[in-house]
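The following exercises are to be worked through with the sequence and the structure at hand. Each task is followed by a solution in steps.

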Amino acid sequence: MTRFVKRARRNRRKAVLAVATCAWLAYAGVCQGKSFDGPDGTLYLESRTFGSVEFVPLHDLAEAFGLTLRWFYEARRVELRNTVITLDFLANSRFVLVDKQDVKALKSPLLFVRGEAFVPASFIEGTLKPYYPRFQKQGRRTGGTRIVVLDPGHGGKDTGAIGYGGVREKDVVLDIARRVRSALVMRGVKVRMTRDDDVYRDLDERSEMANNVGAALLVSIHANAVSKDKRAISGCETFYLSKAQTVSDATTEAVENSAARNSLVSGWRFLPIRFKRLFLSRHFTRVREQSISLSRSVQNRVGAVAVGPNRGIKPANLAVLRNTYCPACLLEVGFVSNPTDGTYLSRASYRQKVADSIALGIFDYLDTL
Ligand SMILES: [Zn+2]
């Protein structure tokens, strides 16, 4: 065989290979490895270019971020979720819904190739990056030490306020608290309720529960009411313990209280009394700051969805806050005495909305720790 023929055959093989490669690339995209800035350092993912846009397989992205991927075929929706974030993708849509409420735009819609979903690579550093601090705290949050105590006000013989159309505070707040519990549990937070039924609990029992389980925080849920001549008053507000009570009185009480001894410090009984006072005074000063931060987080979220005005956060000397040693706040979800607030609070869909916002407020607060 002449050298010429050999070269021609080699060139033909090359040409066939090139055509096949081009066809495959046009079909499956150019496949390559790519590094990204991830929550805990550099991430390496396979990426493919379709058209001029670079994509990564949604499945690989889910694995890299510890997210569970679920398909909802009928709704044409893909959900990625873990204890810190929920991402909803719609087929053929450029939008992704973060935590069921924040809409973010993708560079191009989710792409489906041979049954596999691909998301534009820019989604990682463009959309996910602002949420990285949550991923970094995930370990701490799901470490089993974070217990949230929800305290639905009143119950049993104590109906609380009776409002517009006969709506009862004790029923409204228990239902909201149960819905908050579901939202928190779904994200891996442990929850204790001071009551999960229509039963009476006195205020000390409620605080004691939070102190005994070493709660990370307590949110007491109530609904407001005023006399008939003030029916126009509406809106939500959140209370934290006023300063005089928190630091001095709580210190004095806690020095003698066994729950405080057990939950706040080990080796307590070997400490001289003045150290106990100093320790507790510092502890309650910090707890008060955290209670204000918790109140603000919860109020901001609830205020954003509430039908009535946002009445803000306020100090108050309330027993359930006074006797609780962890950060705590008392939320008044609305005025049942007001026709609008009362009507909305008697609707399950509105109570769900309020509950979701309370859960988000709790997450916002946990993110600041
Ligand atoms: Zn109440």
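**Exercise 1.** In this predicted model, determine which residues of helix 5 meet which residues of helix 12, and classify the orientation of the two helices.

*Solution.* Step 1. Helix 5 spans residues 169-185, and helix 12 spans residues 348-368.

Step 2. On the side of helix 5, the contact is made by V172, D175, I176, R179, V180, A183 and L184. Their counterparts in helix 12 are R351, Q352, V354, A355, D356, I358, A359 and I362.

Step 3. Sorted by class, this contact comprises 10 nonpolar, 1 polar and 4 charged residues.

Step 4. The two axes come within 8 Å and cross at roughly 50 degrees. An angle that is neither under 35, nor over 145, nor from 65 to 115 degrees counts as oblique. Helix 5 and helix 12 are therefore oblique to each other.

Step 5. The crossing of helix 5 past helix 12 is right-handed.

**Exercise 2.** Establish the strand order of the sheet that contains strand 11 and strand 13, and state how helix 12 is placed against it.

*Solution.* Step 1. The sheet is open and has 6 strands, in the order 12-11-13-16-14-15, with mixed pairing.

Step 2. Its edges are strand 12 (190-193) and strand 15, each of which pairs on one side only. From one strand to the next, the twist averages 20 degrees.

Step 3. At one edge, strand 11 and strand 12 are paired in the parallel sense over 4 bridges. V148 has V191 as its bridge partner in strand 12.

Step 4. Helix 12 lies across strand 11, strand 13 and strand 16. Relative to strand 13 (217-224), the helix runs at about 150 degrees.

**Exercise 3.** Describe the two neighbours of strand 14 and decide whether the residues of strand 14 are buried or exposed.

*Solution.* Step 1. Strand 14 (residues 236-241) runs parallel to strand 15 (residues 310-316), and 5 bridges join the two. T238 stands opposite I313 of strand 15.

Step 2. Strand 16 (residues 328-335) runs antiparallel to strand 14 and is joined to strand 14 by 3 bridges. Here E237 has E332 as its bridge partner.

Step 3. C236, T238 and Y240 point one way from the strand, while E237, F239 and L241 point the other way. Residues of both groups are buried, which gives 6 buried residues out of 6 for strand 14.

**Exercise 4.** Locate A225 and identify the residues that A225 touches.

*Solution.* Step 1. A225 belongs to the loop between strand 13 and strand 14.

Step 2. A residue is buried if 20 or more other C-beta atoms lie within 10 Å of its own. With 24 such neighbours inside 10 Å, A225 therefore counts as buried.

Step 3. Leaving aside residues up to four places away in sequence, A225 touches A161, G163, F335, V336 and S337.

Step 4. A225 and N338 are 113 residues apart along the chain, yet a distance of 7.7 Å separates their C-alpha atoms.

**Exercise 5.** Describe the sheet that includes strand 7 and strand 8.

*Solution.* Step 1. This open sheet consists of 5 strands in the order 4-5-6-7-8, and its pairing is antiparallel.

Step 2. Strand 4 (68-72) and strand 8 (102-105) are the edge strands, each pairing on one side only. The twist from one strand to the next averages 25 degrees.

Step 3. Strand 7 (residues 95-98) is paired with strand 8 in the antiparallel sense over 4 bridges. F95 stands opposite A105 in strand 8.

**Exercise 6.** For D99 and H154, state the sign of phi and whether each residue is buried or partly exposed.

*Solution.* Step 1. D99 is not a glycine, yet its phi is positive, at about 55 degrees. The residue is found in the loop between strand 7 and strand 8.

Step 2. D99 has 18 other C-beta atoms within 10 Å and is partly exposed.

Step 3. H154, also a residue other than glycine, has a positive phi near 60 degrees. H154 lies in the loop between strand 11 (147-152) and helix 5.

Step 4. Because 22 other C-beta atoms lie within 10 Å, H154 is buried.

Terms used: Residues numbered from 1 in each chain as written. Predicted model: local features only at pLDDT ≥ 70, side-chain atom pairs only at ≥ 80, totals over all residues. Pairing = 2+ DSSP bridges. Axes fitted to C-alpha atoms, helices over the stretch in contact; angles between N-to-C directions. Buried ≥ 20, exposed ≤ 12 C-beta atoms within 10 Å, placed from the backbone. Contact = placed C-beta atoms within 7 Å. Left-handed = near helix turned anticlockwise from the far one by under 90°. Nonpolar A, V, L, I, M, F, W, Y, C, P; charged D, E, K, R; others polar.
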